[in-house]
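Biologist: I would like a close look at one part of this model, namely the surface on which its two chains meet. Please set it in the context of the chain fold first.

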Number of protein chains: 2
Amino acid sequence: MNPRFIDFYFDFSSPYSYIASEWIEALAARHGSTVNWKAILLGAIFQAAGLKSPVDYPIKREYSFLDFERSARFAGVPLKNPEKFPIPTQNAARIFWWLNDKRDATASHWARHCLRAYFARGVDLSDPARLRELAAEFGLDPAEAESVWNDPTWKVRLKAANDAAIASGVFGAPFFMIDKEPFWGNDRRAQIERWLEKGPF
Amino acid sequence: MNPRFIDFYFDFSSPYSYIASEWIEALAARHGSTVNWKAILLGAIFQAAGLKSPVDYPIKREYSFLDFERSARFAGVPLKNPEKFPIPTQNAARIFWWLNDKRDATASHWARHCLRAYFARGVDLSDPARLRELAAEFGLDPAEAESVWNDPTWKVRLKAANDAAIASGVFGAPFFMIDKEPFWGNDRRAQIERWLEKGPF
């Protein structure tokens, strides 16, 4: 079996992305694969495709919140539904792409740092003050972080990443692309594992 | 662990319902549980709740068809995407409720007979001629079957079953209710199994 690349599309405000972010690296490592983390903005993708968050449908809302926490418990991941949900996460995502382009590997660590902060500790990523604190905890200069998320360069970079995701067929998060095979959702974990283990099925 | 009842809501035109219909009885049997099969019309539920089938969103359509077949292969269930999809299935569903109310256990066998015919053999359940043939194969008098699906009694019965499903919080298929805990989707198989094995988590 050749080593593979896993494109892992996630959104900072997606609980299923958070759950998947907690198992994807270990799963990839077991199969000698490499994860390409890609921060996207689900809101923009939903808008482009006429989709909505499940919590925006009254009939699905209560179930969705129940399932976020239950699916996390099932995966052994600490998750408490945030009071404010969903939230705009473009600032955290711009920092991600800046780290990705400038400093490489730490971008995925930033992703996990923020996802855990929001979903396990209830830290509001859309609040610039909280995000500056998270940047500092992470070892970044908070003023520099703020200038990055206000910089048109990184706004454009995130927009381009989102457009590229849509062009690749991404319509939700988490979304995985392996050997050009698409897998949507935290639920596809077992299928992804089989794919990495034995190839196409 | 007390024996449990599993309410299993399915739609005759839902590929994920078909896949689940192939494992639910064995899973229930392993845990001394009983399955209450409940035929619903997803189209009516979607309409009531402002939802759509994934194949009705252009961006999700191709992925959905790929995932129907791949998820079936993953579960070891023969499935070939039907040429005509989705289809209206109220006639098959009315026969289901008639069997359920009049003859009890054979209703779930009828469900499996029709789901397999549509998804493994491409038999169009919305075609009355095909449905009469399926009824005959199943050991029913095809003329009687046809009079049942045209009978206002069974139209009302199906409508009532659908309304009851919506009132119970059902918004998709397959949908499972165990100890009042809702589980949506063929994907929730592992969580259902854990619930039956060890109780709430």
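How many helices and strands does the secondary structure of chain A come to? And which elements give two or more residues to the side of chain B that touches chain A?

Modeller: This is a predicted model, in which local features need pLDDT of at least 70 and side-chain atom pairs count only at pLDDT 80 or more, while totals for chains, interfaces and linings use all residues. Residues are numbered from 1 along each chain as its sequence is written, and chains are lettered from A and ligands numbered from 1 in the order in which they are written.

Chain A has ten helices and four strands, where helices (H or I, at least four residues) and strands (E, at least two) are DSSP runs numbered from the N terminus. Their order from the N terminus is β-α-α-β-α-α-α-α-α-α-α-β-β-α. The radius of gyration of chain A, taken over C-alpha atoms, is 16 Å, close to the 17 Å that the globule rule (2.2 Å times the number of residues to the power 0.38) gives for 201 residues, so chain A is as compact as a globular protein of that length. The C-alpha trace of chain A spans about 50 × 40 × 35 Å along its principal axes.

Turning to the surface itself, the contact takes 18 residues from chain B and 18 residues from chain A; two residues are in contact if their C-beta atoms, placed from the backbone, lie within 7 Å. On the side of chain B that touches chain A, the elements giving two or more residues are helix 4 (58-75), strand 4 (181-184) and helix 10 (189-198) of chain B. Helix 4 of chain B supplies the largest share of that side, six residues. By type, the residues of this side of chain B are ten nonpolar, three polar and five charged, with Ala, Val, Leu, Ile, Met, Phe, Trp, Tyr, Cys and Pro counted as nonpolar, Asp, Glu, Lys and Arg as charged, and the others, Gly among them, as polar.

As to symmetry, two copies of a chain are related by a rotation about an axis and a shift along it. Here a turn of 180° and a shift of 0.0 Å along the axis lay chain B on chain A with an RMSD of 0.0 Å, the superposition being by least squares on the C-alpha atoms of residues with pLDDT of at least 70 in both copies. The two copies are therefore related as by a two-fold rotation axis. In chain B, the C-alpha nearest the axis belongs to D187(B), 3.0 Å from it. Both copies use the same surface, since 100% of the contact residues of chain B recur in chain A.
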